[in-house]
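Colleague: Please take a close look at the internal cavities of this model. Then put them in the context of the surrounding helices, strands and record annotations.

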Amino acid sequence: MATSTSKSARALDRRQNHHEADVVVVGAGVFGCAMAYSLAKQGRSVILLERWLHEPDRIVGELLQPGGVDALRKLGLEKCLEGIDAIPCFGYHVLYRGDEVAMMYPPVDQHGNILPTPSSPSPDTKTPKRPEGRAFHHGRFISQLRKACAAHPNISLFETEVVSTIKGSHSSAVLGVETRTTTNKETNTKTPDCFFGSLTIIADGYASKFRSEFLQKTPTVKSKFYALELIDCPFPPHGYGHVCIGDASVVLLYQIGTHETRALIDVPLDTPAASPANGGVRGYIEKVVLPSLPAHVQPSVREALKDGKIPRSMPNSWLPPTKQTTNPGVLLLGDAYNMRHPLTGGGMTVAFNDVLVLSSLLSPEKVPDLADHEAIHRAMDTFHWQRKSLTSIINVLAMALYSLFAADDWQLRALQRGCFRYFKMGLTDTPVALLGGMMQRPAVLAYHFFSVAFLAIWLNIKDVCGHSVTGIWKLPLALVQAVLILWKACVVFLPVLGTELK
């Protein structure tokens with residue numbers, strides 16, 4: 001015990017006074033905090049760096065799917081959901097041109113198999129508990145994660161701005177990072193500093209300054225989410241993530257506090273309806289989006305727009321993962337490494353799952369020395385493939401569903417209608433389990449996506465041919481359109497899936 005205490009004291013001294021540790025983690029956000037905490041639990045000495053340690057005020061990372069809640073529990077960080085006015089989320093509520101359907105998260109076993117729920121259970125029947133997600137203010141959750149890290153004896157948390165990596169003079173290996181620390185807030189005086197680790201993990205978010213250096217990739221952005229905070233907005237059913245699909249708009253609404261509801265309004269880039277001549281983004285919201293929302297929601301949206309400001313925005317980005325086995329001493333992870341459209345709220349679930357997978361691969365039993373670059377690269381090769389059972393599902397679903405929900409041609413609108421009809425038929429348990437990060441079977445995703453496509457084709461054939469005998473003459477046209485709809489489904493689904501599975 002004395003030896004262990006002495007070792008911990010020496011490690012603390014090395015971190016605090018010499019800025020040296022086993023691991024340097026850049027970015028105390030969702031991924032960075034979870035990764036630092038997981039490695040520290042393994043006995044690693046960890047330095048965690050963050051530019052600003054005040055509570056962030058951002059419109060991202062506000063919905064955690066049940067799969068993410070389960071991953072957070074496995075990481076030992078489930079208490080971070082307490083004391084932040086987090087709201088339970090039971091599933092999705094989709095509104096489609098005046099019609100609606102609510103889809104609850106199904107109960108699943110430890111292997112992701114959906115458990116049967118009796119329609120009329122007897123008093124002696126034990127009904128499986130349905131999983132729940134959580135929605136919350138992003139900043140409050142991040143503050144809890146940082147507190148958990150700051151309280152861990154193997155982590156030292158520093159407020160400093162990372163400006164560059166440090167490489168050895170005789171190799172390309174990253175040895176740590178160079179930073180600037182504010183030493184006088186009144187004069188904004190910044191002092192150069194350095195932090196060193198056997199391994200540097202960079203998780204500096206969607207606008208990463210290091211992505212071009214280590215991945216040589218640029219995210220694809222097709223739209224932005226503009227955010228409103230609605231106060232005491234009535235929106236039954238309570239406790240669901242609402243997706244409102246209009247003729248030319250997609251809006252997400254979910255409660256993030258007792259009184260607050262987040263509204264995220266998708267605005268495609270360069271859409272004429274949001275041009276300055278048409279009143280810009282506010283004009284788009286007022287003229288296009290507002291009329292498509294339920295009547296009981298519209299007053300809250302108008303109230304949120306009263307300040308006359310352009311709502312805060314975030315780019316909706318897609319960044320496929322890249323295998324990282326060539327940069328010694330450094331890993332780029334989190335949103336800096338892999339992003340998907342936030343429509344399905346899967347980002348934090350991906351992050352926590354990645355931490356679970358990677359921390360297991362980097363455990364002291366498998367990689368005793370984090371300075372062993374070959375061992376790290378072998379672990380990252382395994383990580384690249386092992387994570388795909390979950391992340392490929394969430395990433396593909398996010399991109400494919402956005403294409404359908406924001407349909408801008410007749411084939412996509414046909415698929416959009418087929419998707420909603422699929423849900424109305426009650427075929428929701430498996431799709432919602434996939435969306436919620438509870439089922440990790442990419443082949444099942446492909447089955448359901450193309451089932452939706454063939455349902456869309458059948459509905460279109462019925463529309464074209466009608467119900468009269470003369471409609472048979474329109475069958476050739478219906479078959480041509482069927483091929484076009486199936487082709488569009490392939491274009492939407494297969495390229496994204498292929499990129500994710502590389």
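Modeller: Helices here are DSSP runs of H or I with at least four residues, strands are DSSP runs of E with at least two, and both are numbered from the N terminus. With that settled, note that this is a predicted model.

A good starting point is a segment that the UniProt record, an unreviewed entry, lists as a transmembrane region: residues 444–461. Over that span the chain is 100% helix and 0% strand, and the C-alpha atoms at its two ends are 26 Å apart. The record lists residues 21–40, 389–407 and 473–497 under the heading "transmembrane region" as well. Residues 21–40 come out as 55% helix and 30% strand, with 11 Å between the end C-alpha atoms.

Now the cavities. The count comes to three cavities of 30 Å³ or more. The largest cavity holds about 170 Å³ of space. Its lining consists of 13 residues, and those nearest the centre are Leu397, Leu401, Pro431, His448 and Val452. Four elements give two or more residues each to this lining: helix 10 (388–405), helix 11 (410–424), helix 12 (429–435) and helix 13 (442–465). Helix 13 makes the largest contribution, with four residues. By class, the lining of the largest cavity has twelve nonpolar residues, one polar residue and no charged residues.

The second largest cavity has a volume of about 80 Å³. Its lining includes Tyr92, Val94, Met103, Val243, Leu343 and Thr344; Leu401, Phe405, Phe423 and Leu435 also line it. At least two of these lining residues come from strand 5 (91–96), and at least two from helix 10. Here the classes are nine nonpolar, one polar and no charged. Leu401 is listed among the residues nearest the centre of the largest cavity and also in the lining of the second largest.

Two further helices can be described in terms of burial. In helix 8 (residues 347–361), the expected span of the 15 residues at 1.5 Å a residue is 21 Å, and the end C-alpha atoms are 21 Å apart, which agrees. Twelve of the 15 residues of helix 8 are buried, so this helix is largely enclosed by the rest of the structure. Among the buried residues of helix 8 are Met348, Val350, Phe352, Val355, Leu358 and Leu361, along with Thr349, Asn353, Asp354 and Ser359. Phenylalanine 383 lies in helix 9 (residues 373–386). That residue is buried, with a relative accessible area of 0%. Between its C-alpha atom and that of serine 360, 23 residues away along the chain, the separation is 9.6 Å.

As for strands, one open sheet has three of them in the order 3-7-4, paired antiparallel. Strand 3 (63–64) and strand 4 (87–89) are at the edges with a single partner strand each, so one side of each has no neighbour in the sheet. Strand 3 is joined to strand 7 (residues 133–135) by two bridges, and leucine 64 has arginine 134 as its bridge partner in strand 7.

Finally, the unreviewed UniProt entry carries the annotation "domain: FAD dependent oxidoreductase" for residues 22–51. In the model that span is 40% helix and 33% strand, with its end C-alpha atoms 21 Å apart.

Technical notes:
Residues numbered from 1 in each chain as written. Predicted model: local features only at pLDDT ≥ 70, side-chain atom pairs only at ≥ 80, totals over all residues. Heavy atoms only, no water. 1 Å grid on protein atoms, 1.4 Å probe; cavity = no way out; pocket = protein on both sides within 12 Å on 5 of 7 lines; lining within 4 Å. Points joined across faces, edges and corners; volume = space filled by probe spheres on them. Nonpolar A, V, L, I, M, F, W, Y, C, P; charged D, E, K, R; others polar. Pairing = 2+ DSSP bridges. UniProt positions renumbered as here; feature names shortened; annotations may be inferred. Expected span 1.5 Å × (residues − 1). Buried < 20%, exposed > 50% of the residue type's maximum accessible area, 1.4 Å probe, protein only.
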